[in-house]
Amino acid sequence: MKTLTITRPDDWHLHVRTGAVLQTVMPHTARRFARAIIMPNLKPPVTTVAQALVYREEILQAVPTGLDFSPLMTLYLTGSTTADEIKKAAESEHIHAFKLYPAGATTNSDSGVADIKAVYPLFAAMERHDIPLLIHGEVTDDACDIFDRERVFIDAYLSDITRNFPALRVVLEHVTTTEAVQFVQDADANIAATITPQHLLFNRNAILAGGIKPHYYCLPIIKRESHRLALVAAATSGNPKFFLGTDSAPHLTSLKETACGCAGCYSAHAALELYAEVFEGANALDKLEGFASFYGADFYRLPRNSGTISLEKTVWKVPSAYGEDNLSITPLKANEELCWKLG
Ligand code: DOR
Ligand code: ZN
């Protein structure tokens, strides 16, 4: 049997929520990844170091015994974030970044930033304290076509941010377009990007052709095939600016399969397996370890993991849902076969 062994990977963009959902999803991530950047878009959002430390404890409680997993916490940037909180975050060993959600861009982003220019003094503080800024890069203008919102954000905001704060470390999260790939490639070494499995595996036909499929709906929305090909090329290029970030975003099945379904694809159940499928398809399995296990750690200035993880080339069927009792989370590729399996 074919086996793929790489250094233990990390997930540089993850949603785990709280309560029963957290209990359901945490084992999936902890079995595959040594660390994950935990997104702060809870209700209410995680805006202070004190709140993040409480949330971190709740996450650690949900890690099955015997597994070694470290949550890397982030804070949600708002118009009310203070320079003092940024200093405190930079000094905390458990806080690794701030997340910028333009207000209204996505799930639980109502408390996000409405006027990006107005928080420039906060970007200056992050640059000074050398703590990374993670960006959900989409404009929220109703007049802007949803498929153009990332491209427009780059021209309207991102170029200006990177020009004004040249030493600020920035991750453009979950890139979905040729233009985003190009921007990150051309930028200085302190500008990087995460790429999700769904944006590497699917184009927008997955959401809209042959019936509407809510489990493929996430934000930024999956784009056309030419963009997917640019993302696969970037992920498999060996360029350290591009690294693994699943954006695994669990929502109850009932809140996805409804007239106004939530944005988010749940992928933690098979995250590494899905990436392996993409890299194998691009004949670039040798590039998976850098993307999954090295480049993100280097960017965040954390040590690379020791230990390894193995995947086997075995077909298995993804269940229709995860979760007990009244809780159901439909995973990406539910009821479909995957060709890589956790060893
Ligand atoms: O699809 C998404 N879901 N995109 C995001 O930016 C947020 C995420 C979530 O939290 O559900
Ligand atoms: Zn996300």
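In which helix does S159 lie? Helix α5, residues 149–164. My notes on this predicted model follow.

1. **S159.** This serine of α5 is buried, because its relative accessible area of 17% falls under the 20% limit. Setting aside neighbours within four places in sequence, its contacts are I154 and F183.

2. **Zinc site.** Three residues coordinate the zinc ion (ligand 2): H13 through NE2, H15 through NE2 and D247 through OD. The distances run from 2.0 to 2.1 Å. The donor spacing in sequence is H-x1-H-x231-D. Distant parts of the chain are linked here. H15 sits in the loop between β2 (10–14) and α1 (19–32). D247 sits in the loop between β9 (242–244) and α10 (253–256). The two are 232 residues apart. Both H15 and D247 are buried. Note for anyone setting up the metal: water is not among the atoms, so the site may look incomplete.

3. **Ligand 1.** There are 13 residues around ligand 1. R17, N41, T106, L219 and H251 come nearest. R17 places a side-chain N or O atom 2.8 Å from an oxygen atom of the ligand. A263 contributes from its backbone: one of its polar atoms there is 3.0 Å from a nitrogen atom of ligand 1. H15 appears again, with a polar side-chain atom 3.4 Å from a ligand oxygen atom. H15 is thus a zinc donor and also a polar neighbour of ligand 1.

4. **Antiparallel sheet.** Three strands form an open sheet in the order β1-β10-β11, with antiparallel pairing. Strands β1 (3–7) and β11 (337–342) are at the edges. Each has a single partner strand, so one side of each lacks a neighbour in the sheet. On average, neighbouring strands are turned by 35° against each other, direction ignored. Strand β10 (residues 308–317) is joined to β11 by five bridges. One residue pair to look at is K313 with its bridge partner W340 in β11.

5. **Helix over the sheet.** Helix α11 (residues 271–281) lies across β1, β10 and β11. Its direction is at about 115° to β11.

6. **Parallel pair.** Strands β4 (residues 70–76) and β5 run parallel and are joined by four bridges. M73 has I95 of β5 as its bridge partner. Strand β5 (residues 95–100) is mostly covered, with six of its six residues buried.

7. **Helix α9.** Which residues of helix α9 are buried? In this helix (residues 225–235) they are H227, R228, A230, L231, V232, A234 and A235. What do they pack against? Their partners are α6 (178–186), β8 (191–195), α7 (197–201), β9, α11 and α12 (288–299). Helix α11 therefore has two roles in this note: it lies across the three-stranded sheet, and it is packed against by buried residues of α9.

8. **S328.** This residue is in the loop between β10 and β11. Is S328 buried or partly exposed? Partly exposed, because its relative accessible area is 26% and the buried class ends at 20%. Beyond four places in sequence, S328 touches H251, L252, T253, A321 and Y322. One of these, H251, is also among the residues that come nearest to ligand 1. S328 is 97 residues from L231 in sequence, and their C-alpha atoms are 31 Å apart.

9. **Cis peptide bonds.** Check two sites before any refinement of torsions. K43 and P44 are joined by a cis peptide bond, with omega about -5°. P44 is in the loop between β3 (35–38) and α2 (49–61). The bond from L219 to P220 is cis too, with omega near -5°. P220 is in the loop between α8 (205–208) and α9. L219 is also among the residues nearest to ligand 1.

10. **Positive phi.** D130 is not a glycine, yet its phi is positive, near 55°. D130 is in the loop between α4 (120–129) and β6 (133–135). It counts as partly exposed, at 33% relative accessibility. N335, likewise not a glycine, has a positive phi of about 65°. N335 belongs to the loop between β10 and β11, where S328 is also found. N335 is partly exposed, at 47% relative accessibility.

Conventions. Residues are numbered from 1 along each chain as its sequence is written. Chains are lettered from A and ligands numbered from 1 in the order in which they are written. This is a predicted model: local features need pLDDT of at least 70, side-chain atom pairs count only at pLDDT 80 or more; totals for chains, interfaces and linings use all residues. Side-chain values use heavy atoms; hydrogens and water are left out. Buried means under 20% relative accessible area, exposed over 50%, partly exposed in between (1.4 Å probe, protein chains only). Contact means heavy atoms within 4.5 Å. Two strands pair if DSSP finds at least two bridges between them. Axes are lines fitted to C-alpha atoms, for helices over the stretch in contact, and angles run from 0 to 180 degrees between N-to-C directions. Donors are N, O and S atoms within 2.8 Å of the metal (3.2 Å for Na, K and Ca); water is not among the atoms, so sites may look incomplete. A residue is near a molecule or strand if one of its heavy atoms lies within 4 Å of it. A polar contact is a pair of N or O atoms within 3.5 Å; within protein, one must be able to donate a hydrogen and the other to accept it, and residues adjacent in sequence count only if both atoms are side-chain atoms.
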